[in-house]
Amino acid sequence: MLNNYIMDYNNILIMAHKRPDGDAIGSVLAMYLYLKEQGKKVSFVLDEYAKSFSFLPGIMDQKEKIEDIDLVIALDTSSMDRLSHIDLFKKAKHSIGIDHHPSNTKYCDHNFVYDMEPATCQILYYLFKENNIDVSKEIGICLMNGLVTDTNGFRVGNLTSKSYEMIYELSKIGVDVKDICNRTVVIKTKKQFSLLNRAMERTEFFDNDRIAYTYLKRNDLEELNAELGDHEGIVDMILNIEGIEVAIFLMDSDDGVIASLRSCGNVNVAKVASIFAGGGHVSAAGFTIKMEMAELKDKLIMEIEKDL
Ligand SMILES: [Mn+2]
């Protein structure tokens, strides 16, 4: 029972992984809103996130200063080194992890890892239900945000009847699923569209059109005045081409080259990413590495070809 592990503590901090996606943000906020309702002294920390998530309830409540942490809850994060605030994590006396990454290293005192689930937010929804916790509309919006984004608008990942039941039940309490889908997955800013356009033009195909590859360089991002998260979705677009089994997207960043991999499901891209110290899921994975882009491209194609 989730509540048994939480309710004894008062000062609680919630966090997720670096470069937080919709599932990381959604699960953090849902947990935050729930514990706030319970009268807990609770706060959360998130790395910088894409503007499209600023509509989520509670997101403006992030605090500057965090002290005396009895319990830390780590969400959607497979290992300690992936956490956004590892220093704060280590300061906490107790820890709970809730995650759906198959590569989860069970680094918390208590680990709720269900790697068949499409999103951490779905795990959280059912943990709330098991504990007879009423999910408010605000919490529901945050949870739906995770399911929508991790499945790229209900198109990838291990969607089951449990996912559709969650959609059904949250719809009934007023969660506007279509609106969340539009805000986070469908609508692109003009800047994002220009970036997408540039990446599309450059797409190259390999292995009888079964691998698609594209990239953005630092000067593209500068020229088009791109903002954090503006590249999201490019890799999914090239996977949409008929016959493509694996899509590769590479992008320059201050930390090295960011690689995003997507698969139709026949090639396990989490396995490919793990070769480069990355991780993820069968159909969506990634990593950041200090390597020349051209060299990384060749290495990735070589690794993917082994499994095609
Ligand atoms: Mn996730």
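The following paragraphs describe the domain division, the nonpolar cores, one buried helix and one mixed sheet of a predicted model.

The protein chain is divided into domain 1, residues 2-186, and domain 2, residues 190-307. A distance of 26 Å separates the C-alpha centres of the two domains. Contact between them involves 9 residues of domain 1 and 10 residues of domain 2.

In soluble globular proteins, nonpolar side chains tend to be buried together. In the present model, the largest nonpolar core comprises 57 residues, and I14, M15, V28, A30, M31 and L143 have the most contacts inside it. The greatest contribution to this core comes from α2, which supplies 10 residues. A second core, separate from the former, contains 33 residues, among them I238, I248, V269 and L296. As for M31 of the largest core, its contacts beyond the neighbours within four places in sequence are with I14, I73, L75 and L124.

Helix α5 spans residues 137-150. With 14 residues and 1.5 Å a residue, a span of 20 Å is expected for α5, and the model agrees, because the end C-alpha atoms of the helix are 20 Å apart. The helix is mostly covered, 12 of its 14 residues being buried. The buried positions of α5 are I139, G140, I141, C142, L143, M144, N145, G146, L147, V148, T149 and D150; of these, L143 is also listed among the residues with the most contacts inside the largest core. The elements covering the buried residues of α5 include α2 (22-37), α4 (120-130), α6 (161-172) and α7 (177-186). Just after the helix, N152 adopts a positive phi of about 50°.

An open sheet of 6 strands is also present, with the order β6-β7-β8-β9-β11-β10 and mixed pairing. The edges are occupied by β6 (204-206) and β10; each has a single partner strand, and therefore one side of each is left without a neighbour in the sheet. At one of these edges, β6 pairs with β7 (residues 211-216) in the antiparallel sense through 3 bridges, and F205 stands opposite A212 of β7. At the other edge, β10 (residues 279-280) is antiparallel to β11 and joined to it by 2 bridges. G279 has G286 in β11 as its bridge partner, and the hairpin from β10 to β11 passes through 3 residues. On its other pairing, β11 (residues 284-289) runs antiparallel to β9 (residues 256-263), with 6 bridges between the two strands; here R262 is placed opposite A284 of β11. Helix α12 (residues 293-307) lies across β6, β7, β8 (246-253), β9 and β11, and runs at about 160° to β8.

The loop between β6 and β7 holds D207 and N208. Most residues other than glycine have a negative phi, and most peptide bonds are trans. By contrast, phi is positive at D207, near 50°, and at N208, near 55°. The surroundings of these two residues were also examined. D207 is partly exposed, because 14 other C-beta atoms lie within 10 Å. N208 is classed as exposed, because 9 other C-beta atoms lie within 10 Å, where 12 or fewer is the limit for an exposed residue.

Technical notes. Residues are numbered from 1 along each chain as its sequence is written. This is a predicted model: local features need pLDDT of at least 70, side-chain atom pairs count only at pLDDT 80 or more; totals for chains, interfaces and linings use all residues. Two strands pair if DSSP finds at least two bridges between them. Helices (H or I, at least four residues) and strands (E, at least two) are DSSP runs, numbered from the N terminus. The expected span of a helix is 1.5 Å times one less than its number of residues. A residue is buried if 20 or more other C-beta atoms lie within 10 Å of its own, exposed if 12 or fewer, and partly exposed in between; C-beta atoms are placed from the backbone. Two residues are in contact if their C-beta atoms, placed from the backbone, lie within 7 Å. Axes are lines fitted to C-alpha atoms, for helices over the stretch in contact, and angles run from 0 to 180 degrees between N-to-C directions. A nonpolar core is a set of buried Ala, Val, Leu, Ile, Met, Phe, Trp, Tyr and Cys residues joined through C-beta atoms within 7 Å. Domain bounds come from an automatic or database domain assignment.
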